[in-house]
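Let's take a walk through a protein together, starting with the whole thing and then zooming in. Have the structure open and turn it around as you read.

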Amino acid sequence: MKKNLFMTFALVALVMMSCKENSNINAPGDNGYNYDSIPVLVPDTDGIEISVDSAIAICKALKANEVTPERYKLSGVLTANSTSPDDVPSKYTNINFKLSDNGNKTSISCYYINNINNVKFRKGTDVPLVGSKLTVLGSLTNYKGTTPELKDGFIVRIDSMVRPIPAETIQATCAEAKTAALALPAGGTSNDIYIIDGYVQSAGYDATISKGQQKWFWIDDVLNGQKTFEAYWCNVPDGVTPVPVGAKVRLTGKIMNYNGTVAEMKNGKITILEEPAAGGE
């Protein structure tokens, strides 16, 4: 009887083990960001710890595009972002930046770098910005024989982080958007997303379409107004048809101060709210 009872428990245990679910349940749709396994913090003892100058020297001793079999660990301050947080994860899930440990006297490019635990970046707000102090691990290479790089690595730890500020969405009139844009430094772009409604003006109108975007037009808060705010290479609704003069449109995107004199939105989204009145422009 005891033997039979033991066999029964063994069979139940075997069935339970075989029916255990994967720790990461696939979500509907794109599962590309799911972990292959539960992330484990990579020990900070991994890799050969060297200075940035030593890493540059190793890279320069390599043949063009040769990659070290060893992985190296560098600590320093992020001095330049080559990947915009706005492009994560819409375009990229790893990032490129420059790292220096001597006050930016010398720096090394870090390419195709994953986040902590060697996982993909999933939010733009997780991208460290200039001034962040971090340690990164990866292989060294002499890219095209001219550029020292640490590549295909990941961030081991972040000692201090300058984090992107989450964008807010601001509803503004054309006049308000112009004032806000021209308050930015010349060439500067807002962090916040603006939603601007206005009428397409005949002055300064260009119907050229390229890659689904209209070259430029101006909008104002009134139908027959002035060149108050410019839409520059913004995405038209159907990708082929320019928005007509006199239409009431909505622009959605970041605003910028072009050349210190022009308030504009570049690469924004256009929505047509009202078609032009019959018989008018």
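We'll begin with the overall picture, then visit one helix and one residue in a strand.

First, keep in mind that what you're looking at is a predicted model. The protein has 281 residues, and 34% of them count as buried. Its secondary structure adds up to 3 helices and 15 strands. Now think about which parts of the chain touch each other. Take the contacts with a separation of 6 or more: 65% of them link residues that sit 24 or more positions apart. As for the outside, the protein exposes about 16100 Å², with carbon and sulfur atoms supplying 54% of that.

Next, find helix α3, which covers residues 174-182. Which of its residues are buried? They are C174, A177 and A181. Looking down the axis of α3, you'd see these buried residues fall within an arc of 60 degrees, so they line one face of the helix. And what do the buried residues of α3 pack against? Strands, as it turns out: β7 (169-172), β8 (193-200), β10 (213-220), β11 (229-235), β13 (255-258) and β14 (262-266).

Our last stop is S139, which you'll find in strand β5, residues 133-143. Is S139 buried or exposed? Buried means under 20% relative accessible area, and S139 comes in at 14% relative accessibility, so it counts as buried. Who are its contacts? Leaving out residues up to four places away in sequence, S139 touches V67, T68, E70 and R71, along with E149, L150 and K151. Try picking out each of those contacts of S139 in the structure.

Methods:
Residues are numbered from 1 along each chain as its sequence is written. This is a predicted model: local features need pLDDT of at least 70, side-chain atom pairs count only at pLDDT 80 or more; totals for chains, interfaces and linings use all residues. Side-chain values use heavy atoms; hydrogens and water are left out. Buried means under 20% relative accessible area, exposed over 50%, partly exposed in between (1.4 Å probe, protein chains only). Helices (H or I, at least four residues) and strands (E, at least two) are DSSP runs, numbered from the N terminus. The arc is that of the directions from the helix axis to the C-beta atoms. Contact means heavy atoms within 4.5 Å. Accessible areas come from the Shrake-Rupley method with a 1.4 Å probe; for residues, only the protein chains shown count as cover.
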